[in-house]
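What follows is a report for a reader who is meeting this structure for the first time. Please look over the sequence and the model before reading on.

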There are 2 protein chains.
Amino acid sequence: MVASGKTPAKPSPRGRPPKRADQPDLRVRILDAAEDLFARHGFYGVTTRQVAREAGVDVALTHYYFGAKRSLFDEVFLRRAEILNQERLESLDAYEAAHAGRMTPEGAITAFVNPMIERSLSGGAGWKSYFSLVAQVNNTPHWGGETMTRFFDPVVQRLIELLRKAMPEATDTDLYWGYQFLTGAMMLVLAETGRIDLLSNGLCRSGDLDAIRTRLAAYCAAGFRQMVAGHSAPSSIN
Amino acid sequence: MVASGKTPAKPSPRGRPPKRADQPDLRVRILDAAEDLFARHGFYGVTTRQVAREAGVDVALTHYYFGAKRSLFDEVFLRRAEILNQERLESLDAYEAAHAGRMTPEGAITAFVNPMIERSLSGGAGWKSYFSLVAQVNNTPHWGGETMTRFFDPVVQRLIELLRKAMPEATDTDLYWGYQFLTGAMMLVLAETGRIDLLSNGLCRSGDLDAIRTRLAAYCAAGFRQMVAGHSAPSSIN
DNA sequence: GTCTATAACTGGATAGAC
DNA sequence: GTCTATCCAGTTATAGAC
């Protein structure tokens, strides 16, 4: 909710004991614990008591700070969404500013995806949990689609805008479906489910985001192009 | 568990009243209800009482037929997995038999995906629920990756085999990652979360699997090719 | 095979003491 | 702000009547 600026502003040793509503450690510890557990077991798979135990606080405290269980979940979801959305918007803006007139699908997709890969690689365990959580919500019927839309739509619309400029021949229908494929692929890899490790018998590792970074944008950009080309020259390949 | 051959073998009107362990309606009704609810709310989001109520049977019956809640879930998951796996294997076999020596990524992917699209389009509500359920499991950490592997690996390995023949220059690493992107995209669209409807403001509809049929294979096939080409000639495109 | 009844327990949530 | 104690609705699961 609150900006990330003020880091350790503790130069008033005689003032009131730190009481600002957004600083106390407990809020953060509860959020962290909830994030970790929700990511692992989903909303219904976690009890407020588990959250309290993992956070090392009393059960009643979770209600004191966040009210109902559902509000706690919402705050977990919101916390990093705001950070992520800002980073992605900046990344897309920067890309457009530097490449106006000669944008490519690869470039736009990379600008869109990179902030997430960076956070997953260097953001710590909390970000890993967060992406796992978002990946689950992404594939949840009704409620999931609505939630993803509510939290992430502006950035996605911005990406579509850049893709439209990079591929003026593409129809909007193609752009939306192409994005759907992109986000499905991206969310699955960010979830790091361990599936590919088993499938490939250890050759590929879920956590190897560098392998993804070099592949996903190329893969999806080629997909967009092919979809677009397919309309002008419908291939008869079986 | 049991083959799908014997359909309505009821020509013995004077024998014993139908008592075969695999025929009674109740098992099926419970499975159907459970499938629908698990698909909508996930494993922990559903109670055995809800299942019983939706099936129109007593709570105790769910335990009588399936034992613990978890076994019920497993049977739901298994029931259509067997049908689907067989259909996909047959589809892949048929494609290879008809196009040996001149297989394409498009063709192999289409053969892999088509049975699912057909079932989702014409299989009825149960199949829709089932795909929604699988899509959720697909994005579930640890447990999801392990489950998907356990139930679906043979067909996936078969697909990879065909892709390897269609693109001999591709490395296994590329093939596995390419499949990861494919399955992420495919599962998201089969989940029909309504996301694309909201995102596109009604232009695209989640349930429009024909739109997907004509796009997904082309999209992913182009992705595979580009990934492969990227190695021999690393592009400097930003 | 089906249902009644209940055991045994866990869940979210809060009132009120400290 | 924090914890104790508790309410009570709802849970899985089963024993035993029909």
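In this predicted model, a phosphate oxygen of DNA strand D is 2.9 Å from an N or O atom in the side chain of T48(B). T48(B) is also one of the residues that come nearest to this strand, in a group with D58(A), Y65(A), T47(B) and R49(B), out of 16 residues around DNA strand D. Sugar and phosphate account for 61% of the atoms of DNA strand D that come within 4 Å of the protein.

Further contacts with the phosphates of DNA strand D come from chain B. A polar side-chain atom of H63(B) lies 3.3 Å from a phosphate oxygen of the strand, while K69(B) places a backbone N or O atom 3.1 Å from a phosphate oxygen.

Which helices supply the surface near DNA strand D? Helix 3 (59–66) of chain A, helix 2 (48–55) of chain B and helix 3 (59–66) of chain B each supply at least two residues, and the largest share, 4 residues, comes from helix 3 of chain A. Sorted by class, the surface near DNA strand D has 8 nonpolar, 3 polar and 5 charged residues.

The surroundings of the other strand can be described in the same order. Of the 15 residues around DNA strand C, those that come nearest are T47(A), T48(A), R49(A), K69(A) and Y65(B). Of the atoms of DNA strand C within 4 Å of the protein, 57% belong to sugar or phosphate, and the rest belong to bases. One contact with a base is made by R49(A), which has a polar side-chain atom 2.7 Å from a base nitrogen of DNA strand C. The table sets out polar contacts of chain A with this strand.

| Residue | Atom of the residue | Atom of DNA strand C | Distance |
|---|---|---|---|
| T48(A) | polar backbone atom | phosphate oxygen | 2.9 Å |
| R49(A) | polar side-chain atom | base nitrogen | 2.7 Å |
| K69(A) | backbone N or O atom | phosphate oxygen | 3.0 Å |

For the surface near DNA strand C, helix 2 (48–55) and helix 3 of chain A, together with helix 3 of chain B, each supply at least two residues. The largest share of that surface, 4 residues, comes from helix 3 of chain B, and by class the surface has 8 nonpolar, 3 polar and 4 charged residues.

How are the two protein chains related to each other? Chain A can be laid on chain B with an RMSD of 0.0 Å by a turn of 180 degrees and a shift of 0.0 Å along the axis, which is the relation of a two-fold axis.

The contact between the chains takes 68 residues from chain A and 67 residues from chain B, and the two chains bury about 6100 Å² between them, 67% of it on carbon and sulfur atoms. In chain A, the residues that lose the most area to chain B are W177(A), R195(A) and Y219(A), which together make up 15% of what that side buries. Because 99% of the interface residues of chain A are also interface residues in chain B, the copies meet through the same surface.

A last residue to look at is E35(B), which lies in helix 1 (residues 25–41) of chain B. E35(B) is buried, with a relative accessible area of 1%. Leaving aside its neighbours within four places in sequence, E35(B) is in contact with V76(B), R79(B), R80(B), G126(B), S129(B) and Y130(B).

Note on methods. Residues are numbered from 1 along each chain as its sequence is written. Chains are lettered from A and ligands numbered from 1 in the order in which they are written. This is a predicted model: local features need pLDDT of at least 70, side-chain atom pairs count only at pLDDT 80 or more; totals for chains, interfaces and linings use all residues. Side-chain values use heavy atoms; hydrogens and water are left out. Copies are superposed by least squares on the C-alpha atoms of residues with pLDDT of at least 70 in both. Contact means heavy atoms within 4.5 Å. Buried means under 20% relative accessible area, exposed over 50%, partly exposed in between (1.4 Å probe, protein chains only). A residue is near a molecule or strand if one of its heavy atoms lies within 4 Å of it. A polar contact is a pair of N or O atoms within 3.5 Å; within protein, one must be able to donate a hydrogen and the other to accept it, and residues adjacent in sequence count only if both atoms are side-chain atoms. Ala, Val, Leu, Ile, Met, Phe, Trp, Tyr, Cys and Pro count as nonpolar, Asp, Glu, Lys and Arg as charged, and the others, Gly among them, as polar. Buried area is the accessible area (1.4 Å probe) that two parts lose on being put together, summed over both.
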